[in-house]
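Me: I am new to this structure and should be grateful for a close look at a single part of it. Please explain the terms as they arise.

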Protein chains: 2
Amino acid sequence: MLPLACIERIARKAGAERISKEALIELQKTIEIIAEELVKEISEVSRHAGRKTVKAEDVRLVAGKEV
Amino acid sequence: MLPLACIERIARKAGAERISKEALIELQKTIEIIAEELVKEISEVSRHAGRKTVKAEDVRLVAGKEV
């Protein structure tokens, strides 16, 4: 689980003035689901390149489309 | 910053067998950027509802479209 304190820091940095505890937990779950989907796609890219190890270039290839 | 250990755990859960340190750091940056964009959208929804406090329902409204 991603630490709630980190999630809260990201939320404040992104401009959320106040955020309820329940919202933080919901945000934590959402970010984890998004991160898992992202890693699934990145892992496919690594396998496609004939590797079992995920490298930074795989992350960049997928992130370049999404970020 | 989201802890690398947490990012690694999420990556393994999502099926990444091995992941380089550099890839983990790249993944950390990517997830933080995605999370910040998500929170910006959620904050707008809260303000649109006339609130300064982000509530779980705001997260669900935005996450429902993305997850």
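Reply: Contact here means heavy atoms within 4.5 Å. This is a predicted model, in which local features need pLDDT of at least 70 and side-chain atom pairs count only at pLDDT 80 or more, while totals for chains, interfaces and linings use all residues. Residues are numbered from 1 along each chain as its sequence is written, chains are lettered from A and ligands numbered from 1 in the order in which they are written, and side-chain values use heavy atoms, with hydrogens and water left out.

The part chosen is A:Gln28, which belongs to helix H2 (residues 21–48) of chain A; helices are DSSP runs of H or I with at least four residues, numbered from the N terminus. Apart from neighbours within four places in sequence, A:Gln28 is in contact with A:Met1, A:Leu2, A:Leu4 and A:Ile7. A:Gln28 has a relative accessible area of 7% and is buried, a term that means under 20% relative accessible area (1.4 Å probe, protein chains only). A polar atom of its side chain lies 2.6 Å from the backbone oxygen of A:Leu2.

A:Leu2 also leads to the arrangement of the two chains. A turn of 180° and a shift of 0.0 Å along the axis lay chain A on chain B with an RMSD of 0.0 Å; the two copies are thus related as by a two-fold rotation axis. The superposition is by least squares on the C-alpha atoms of residues with pLDDT of at least 70 in both copies. Of the residues of chain A, A:Leu2 comes closest to this axis, with its C-alpha at 3.5 Å. The same surface serves both copies, as 100% of the contact residues of chain A recur in chain B.

Technical notes:
Helices (H or I, at least four residues) and strands (E, at least two) are DSSP runs, numbered from the N terminus. Buried means under 20% relative accessible area, exposed over 50%, partly exposed in between (1.4 Å probe, protein chains only). A polar contact is a pair of N or O atoms within 3.5 Å; within protein, one must be able to donate a hydrogen and the other to accept it, and residues adjacent in sequence count only if both atoms are side-chain atoms.
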